[in-house]
Amino acid sequence: MTNAPAAASMRAPSTPLSPVTTRRVPTAFLIVYALLLALGVGLSSAYWAMNGDPPFGRLRLGSWQAWPKLGSPEADPYMRAIIARRGDVPLATGEGLGFTAQTDSEGRPLDSACTYTIGAVAPIARLWTLTLYDEDGHLPATALGRRSFTSAELLRDSQDLFTIALSRNLQPGNWLQLPASGPFTVVLRLYDPPGAAGANLEEVDFPVIQRLGCGA
């Protein structure tokens, strides 16, 4: 049998544990940190929102997208801030509606290195215009000085259909010269369309943007 007192006497002497100390973070520091974090997140999200398209109220029809309330008193704070920053003057609700396209009919970004056709129909309106803009949102410099067409000046076939060629190189018929390089945007403005803005429009009413090839 084991002699318990003898075994106990053979154990190494135990050393007392030092007390664990914790450092308390001042409450004021935590409050300041939380406020700075919230401010940083808020400023970042606001910068992201104002440098893009309005995050709410978008109407998308194929390649084309619009914000029907952009020029109305119902425009939300994001829309108003973006308009003020860009210096844009959107069409008022009673004037018309502007649609923007940054991709072709297959969802590929519009690229000046490619050749496109746009046609053959457009929504019913008293008048419409189709205008090109470069990647900075400016009218591009072109050899002929033309950056847009109106519905009244387009060449059409016997069925009243039209085709607009977009290319850096000269094309027959209705031709708009693309910027020298980079992405571009096409804007379709409908003036005095019937009904409420965007209410009666469907994707089939809009011209199709077809890419023919790239690198030419």
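This is a short tutorial dialogue on reading a predicted model of one protein chain.

Q: Where do I start? How many helices and strands does the chain have?
A: Start with an inventory. The chain has 3 helices and 10 strands. Then read their order along the sequence. The pattern is α-α-β-β-α-β-β-β-β-β-β-β-β.

Q: What holds strands together in a sheet?
A: Strands of a sheet pair through backbone hydrogen bonds, either parallel or antiparallel. Now look for the sheets here. One is an open sheet of 6 strands, with antiparallel pairing. Another is an open sheet of 4 strands, with mixed pairing.

Q: What is the strand order in the sheet of 6 strands?
A: Read across the sheet, not along the sequence. The order is β1-β2-β3-β9-β5-β6. The edges are β1 (59-61) and β6 (148-150). Each has a single partner strand, so one side of each is left without a neighbour in the sheet. Neighbouring strands of this sheet are turned by 20° against each other on average, direction ignored.

Q: How many bridges join β3 to β9?
A: Find the two strands by residue number. β3 covers residues 96-101 and β9 covers residues 184-191. They run antiparallel, joined by 6 bridges. To see one facing pair, pick Thr-100, which stands opposite Val-187 in β9.

Q: What about the sheet of 4 strands: which strands stand at its edges?
A: The order across this sheet is β8-β7-β4-β10. β8 (174-177) and β10 (208-214) are the edge strands. Again each has a single partner strand, so one side of each lacks a neighbour in the sheet. The twist averages 20° from one strand to the next.

Q: How do I see the mixed pairing?
A: Follow β7 to its partners. On one hand, 5 bridges join β4 (residues 114-120) to β7 (residues 162-167), and these strands run antiparallel. On the other, β7 and β8 run parallel, with 4 bridges between them.

Q: Which residues of β7 and its partners face each other?
A: Check individual pairs. Ile-118 has Ile-164 as its bridge partner in β7. Ala-120 is paired with Phe-162 in β7. Towards β8, Ser-167 stands opposite Gln-177.

Q: Is β7 mostly covered or mostly open?
A: Count its buried residues. In β7, 5 of its 6 residues are buried, and the strand is mostly covered. For the whole chain, buried residues make up 29% of the 216 residues.

Q: What does the surface of the chain come to, and what share belongs to carbon and sulfur atoms?
A: The accessible surface comes to about 14000 Å². Of this, 58% belongs to carbon and sulfur atoms.

Q: Which residues touch the most other members of the largest nonpolar core?
A: To read a core, look for the residues with the most partners inside it. This core has 27 residues. Trp-64, Phe-99, Leu-130, Ile-164, Leu-166 and Val-186 touch the most other members. Next, ask which strands contribute. β2 (64-66), β3, β4, β5 (127-134), β7 and β9 each supply at least two residues of this core. β9 gives the most, with 4 residues.

Q: How do I read the surroundings of one core residue?
A: Set aside neighbours within four places in sequence, then list what remains in contact. For Val-186, the contacts include Trp-64, Phe-99, Leu-110, Ile-118, Leu-130 and Leu-166. Now take Leu-130 in strand β5. Leu-130 is buried, with a relative accessible area of 0%. Among its contacts beyond four places in sequence are Trp-64, Ile-118, Phe-149, Ile-164, Leu-176 and Val-186.

Q: Where does a polar residue such as Gln-65 sit, and is Gln-65 buried or exposed?
A: Gln-65 lies in strand β2. At 5% relative accessibility, Gln-65 counts as buried, because the cut-off is under 20%. Then look for polar partners. Its side chain makes a polar contact of 3.1 Å with the side chain of Arg-58. The side chain of Gln-65 also makes a polar contact with that of Arg-60, at 3.0 Å.

Q: How far apart in sequence and in space are Leu-130 and Leu-190?
A: Compare both separations. Leu-130 and Leu-190 are 60 residues apart in sequence and 9.1 Å apart in space, C-alpha to C-alpha. For Gln-65 and Leu-188, the values are 123 residues and 9.7 Å. Then turn to the whole chain. Among contacts between residues at least 6 apart in sequence, 68% join residues at least 24 apart.

Technical notes:
Residues are numbered from 1 along each chain as its sequence is written. This is a predicted model: local features need pLDDT of at least 70, side-chain atom pairs count only at pLDDT 80 or more; totals for chains, interfaces and linings use all residues. Side-chain values use heavy atoms; hydrogens and water are left out. Two strands pair if DSSP finds at least two bridges between them. Axes are lines fitted to C-alpha atoms, for helices over the stretch in contact, and angles run from 0 to 180 degrees between N-to-C directions. Buried means under 20% relative accessible area, exposed over 50%, partly exposed in between (1.4 Å probe, protein chains only). Contact means heavy atoms within 4.5 Å. Accessible areas come from the Shrake-Rupley method with a 1.4 Å probe; for residues, only the protein chains shown count as cover. A nonpolar core is a set of buried Ala, Val, Leu, Ile, Met, Phe, Trp, Tyr and Cys residues joined through side-chain atoms within 4.5 Å. A polar contact is a pair of N or O atoms within 3.5 Å; within protein, one must be able to donate a hydrogen and the other to accept it, and residues adjacent in sequence count only if both atoms are side-chain atoms.
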